[in-house]
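Colleague: I would like a close look at one charged side chain and its pairing, followed by how the rest of the fold is put together.

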Amino acid sequence: MTRAAAHSGRKKAMFFPLSKLIFFVLTPSNFLILLGLLGCLLLFTEFGRGVGRILACAGFLGLLAAGLSPLSAWVLGPLENRFPAFADDERPVAGIVVLGGAVEADTSIGRNQITVNDAGEREIALADLARRFPQARLVFSGGAGSLREDAVSEAEIVSRYADTLGVPRNRLILEQQSRNTHENAVFSARMVQPKPGERWLLVTSAWHMPRAVGCFRKAGFDVTAYPVDYRTNWPRDATRFASFASDGLGELDIGVKEWIGLIAYKLAGYTEAVIPSP
């Protein structure tokens with residue numbers, strides 16, 4: 001192995017844990033809580049009380065504004081609206097790739113049933129598309145996405161509970177090694193070797209679709225977007241305040257994390273553009 005290849009390998013190995021740390025700190029709810037906590041701590045110092053009051057107020061007011069205002073819709077809207085909903089024009093579909101991110105693997109193992117989070121529409125789409133396109137190849141791409149070495153992959157859970165989803169297990173092509181969207185694209189392309197001119201549908205959350213499409217294009221895998229799991233009702237939500245601050249904060253966290261991911265992936269060379277075009 002050349003020195004350049006070894007250096008590239010180390011960079012890729014560091015990208016995953018480093019991205020987890022960066023996302024934790026910069027996620028709005030975490031950042032505002034940390035900001036307010038720092039302000040509270042400074043209140044107990046002799047020389048930092050003035051700054052402490054500012055930071056504590058900024059953290060509290062930031063949580064209030066981020067949680068209840070329409071800010072989350074403005075952050076998520078451009079991502080969700082980037083790729084239009086799929087319209088079946090009766091062109092043949094060679095295959096379907098569904099990205100992980102919806103299955104709670106640990107809970108599924110502990111409760112002995114498939115458990116999904118708010119992105120569960122990805123699994124619903126998997127079952128629906130398997131029925132609508134019985135000749136299409138079905139790929140589920142989802143590793144553990146965890147720093148733990150003994151973590152169970154999402155693909156393994158989908159395979160175990162394929163009958164629950166109504167998906168024939170013998171049709172599933174399972175990609176279990178990927179930990180992020182870049183690896184979803186690279187490993188899926190390597191497994192199925194798509195042919196030029198074939199139509200492959202890519203299923204993931206609408207707010208995640210720009211980054212996903214960018215990664216698949218970079219991997220040489222031409223896909224047609226099949227967005228699901230919309231979090232906004234645009235343009236109604238552009239002026240609508242949240243009923244619960246936790247709802248607004250959760251959506252804002254997702255949106256900000258995705259924008260950071262788009263920029264990081266462009267800088268890392270995983271996509272050709274920050275916002276890939278339809």
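At 13% relative accessibility, does E183 count as buried or exposed?

Modeller: This is a predicted model. E183 counts as buried, because its relative accessibility is 13% and the cut-off for buried is under 20%. Its side chain meets that of R179 in a salt bridge, with 3.4 Å from N to O. R179 has a relative accessible area of 33% and is therefore partly exposed. Elsewhere, D128, R131 and R132 are joined into one network by salt bridges that share partners.

Within that network, R132 and D128 form a salt bridge in which the closest N and O atoms are 3.3 Å apart. Both residues belong to helix α6 and are four residues apart, so about one helical turn separates them. R132 is partly exposed, at a relative accessible area of 31%, and D128 is also partly exposed, at 23% relative accessibility.

Helix α7 holds a pair with the closest N and O atoms at 2.8 Å, the salt bridge of E156 with R160. These two are four residues apart in α7, so the separation is again about one helical turn. E156 counts as partly exposed at 27% relative accessibility, and R160 counts as partly exposed at 43%. The count of salt bridges in the model comes to 11. A charge also meets a ring: the charged end of R211 sits over the ring of Y265, 4.7 Å from its centre.

Next, the nonpolar side chains. The largest nonpolar core has 28 residues, and I96, V167, L201, V203 and Y226 have the most contacts inside it. At least two core residues come from each of β1 (95-99), α6 (121-132), β2 (137-141), α7 (154-160), α8 (162-165), β4 (200-205) and β5 (224-228). Helix α6 gives the most to this core, five residues. A second, separate core has 19 residues, V139, C215, F216 and A225 among them. Returning to L201, residues up to four places away in sequence being left out, its contacts are F86, V93, G95, I96, V97, L129, F133, T224 and Y226.

The aromatic side chains come last. There are five aromatic pairs in the structure. W74 and W234 make one of them: the ring centres lie 5.0 Å apart and the planes stand at 90°, so the pair is edge-to-face. W74 lies in helix α4 (residues 71-80) and W234 in the loop between β5 and α11 (245-268), so the pair links distant parts of the chain, 160 residues apart. W234 counts as partly exposed, at 32% relative accessibility. W200 and F221 also form an edge-to-face pair, with 5.4 Å centre to centre and 80° between the planes. Since W200 belongs to strand β4 and F221 to the loop between α10 (209-218) and β5, the pair ties together parts 21 residues apart in sequence. Both W200 and F221 are buried. Together with F216, they form one aromatic cluster, and F216 is also included in the second core.

Conventions
Residues are numbered from 1 along each chain as its sequence is written. This is a predicted model: local features need pLDDT of at least 70, side-chain atom pairs count only at pLDDT 80 or more; totals for chains, interfaces and linings use all residues. Side-chain values use heavy atoms; hydrogens and water are left out. A nonpolar core is a set of buried Ala, Val, Leu, Ile, Met, Phe, Trp, Tyr and Cys residues joined through side-chain atoms within 4.5 Å. Buried means under 20% relative accessible area, exposed over 50%, partly exposed in between (1.4 Å probe, protein chains only). Contact means heavy atoms within 4.5 Å. Rings of Phe, Tyr and Trp (its six-membered ring) pair if their centres lie within 6.5 Å; planes under 30 degrees apart count as stacked, over 60 as edge-to-face and the rest as tilted. A charge sits over a ring if NZ of Lys or CZ of Arg is within 6 Å of the ring centre and within 35 degrees of the ring normal. A salt bridge is a side-chain nitrogen of Lys or Arg within 4 Å of a carboxyl oxygen of Asp or Glu.
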